[in-house]
Amino acid sequence: MFKNSHAFSGFSVDDLEKAKQFYSQVLEQEVTEDNTMGLLQLHLAGHTQVLIYPKPNHEPATFTILNFPVDNIDEAVQELKKRGVVFETYQEEYLQTDENNISRSSLVDVAWFKDPAGNILSVLQTKEA
C-alpha cells in the first residue's frame with residue numbers, strides 16, 4: 001500500500017515569515033509559499049520536500065527535526081555563525097560539545113542549532129568507517 005508512496009515530513013513554526021527568511025536566507029534553501037493552504041514548502045537536495053506549517057500553540061520539538069550533512073563541519077559551523085546562527089552547547093555525561101559547539105565521535109561529528117521557532121536542527125559530518 002505505501003511501498004511506492006512519496007512520503008514527506010513536516011513540522012510546525014509559530015511565525016511563517018521568520019521561518020521563510022531563516023530557511024531561505026540563512027540556510028540558503030529553496031522555500032516556496034503555498035498561499036492556498038497558508039504554508040511553506042522547503043525544497044531540499046534530492047527532490048526532498050518538507051512542509052512547514054503555522055501552529056498558533058506551537059511548541060518547539062525537543063529532538064532534532066532536520067539534519068544537514070556537510071563535507072566539512074568546522075567550515076559549516078563557522079559560516080553559519082557568521083550568519084548569526086547560535087549553536088547549542090552540551091556538557092552532559094552522554095553528550096559533550098567542544099569549544100566550536102561540535103560533538104565529535106569516531107563515526108560522526110554533529111553541531112545543533114535552533115530555527116526561529118525553537119526547533120532543533122543539525123549539521124553533521126560522517127566519517128569513513
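Of the 129 residues in this chain, 38% are buried. The model you are looking at is predicted, and its C-alpha atoms fill a box of roughly 45 × 35 × 25 Å along the principal axes.

Let's start with the overall layout. The chain contains two helices and eight strands, and reading along the sequence gives the pattern β-α-β-β-β-β-α-β-β-β. Among contacts between residues at least 6 apart in sequence, 52% join residues at least 24 apart.

**The nonpolar cores**

In soluble globular proteins, nonpolar side chains tend to be buried together. Here, the largest nonpolar core has 28 residues. Within this core, the residues with the most contacts are Y23, L27, L66, F113 and V123. Many parts of the chain take part: β1 (9–13), α1 (16–26), β3 (39–44), β4 (48–54), β5 (64–69), α2 (73–82), β7 (108–114) and β8 (120–126) each supply at least two residues. Helix α1 gives the largest share of this core, four residues.

F113 is a good residue to click on if you want to explore this core. Leaving out residues up to four places away in sequence, F113 touches F22, L27, L80, V85, V86, F87, E88, N119, I120, L121, S122 and V123. There is also a second, separate core of six residues, including L95, W112, I120 and L124.

**Aromatic rings**

How many aromatic pairs does the structure hold? There are five. A pair of aromatic rings is described by the distance of the centres and the angle of the planes. One of the pairs joins F22 and Y23, in an edge-to-face arrangement with 5.2 Å from centre to centre and 90° between the planes. Both F22 and Y23 are buried. Ring pairs also build a cluster, made up of F11, F22, Y23, F87 and F113. Two of these names are already familiar from the core, since Y23 and F113 are among its residues with the most contacts.

**The largest pocket**

Rolling a probe the size of a water molecule over the atoms shows where empty space is left. In this model, the largest pocket holds about 370 Å³ of space. It is lined by 19 residues, and those closest to its centre are L27, Q29, F68, P69 and V70. The elements giving two or more residues to the lining are β5 and α2, with α2 providing the largest share, four residues. By character, the lining divides into 11 nonpolar, three polar and five charged residues. L27 is a name to remember here, as it also belongs to the residues with the most contacts inside the largest core.

**Two residues with positive phi**

Next come two residues that have a positive phi although neither is a glycine: E28 and N101. Each lies in a loop, E28 between α1 and β2 (30–34) and N101 between α2 and β6 (103–104). The table sets them side by side.

| Residue | Phi | Relative accessible area |
|---|---|---|
| E28 | near 55° | 55% |
| N101 | about 70° | 10% |

Are these residues buried or exposed? E28 counts as exposed because its relative accessible area is 55%, over the 50% cut-off. N101 counts as buried because its relative accessibility is 10%, under the 20% cut-off.

Terms used:
Residues numbered from 1 in each chain as written. Predicted model: local features only at pLDDT ≥ 70, side-chain atom pairs only at ≥ 80, totals over all residues. Heavy atoms only, no water. Phe/Tyr/Trp six-rings, centres within 6.5 Å; stacked < 30°, edge-to-face > 60°. Buried < 20%, exposed > 50% of the residue type's maximum accessible area, 1.4 Å probe, protein only. Core = buried A, V, L, I, M, F, W, Y, C linked by side-chain atoms within 4.5 Å. Contact = heavy atoms within 4.5 Å. 1 Å grid on protein atoms, 1.4 Å probe; cavity = no way out; pocket = protein on both sides within 12 Å on 5 of 7 lines; lining within 4 Å. Points joined across faces, edges and corners; volume = space filled by probe spheres on them. Nonpolar A, V, L, I, M, F, W, Y, C, P; charged D, E, K, R; others polar.
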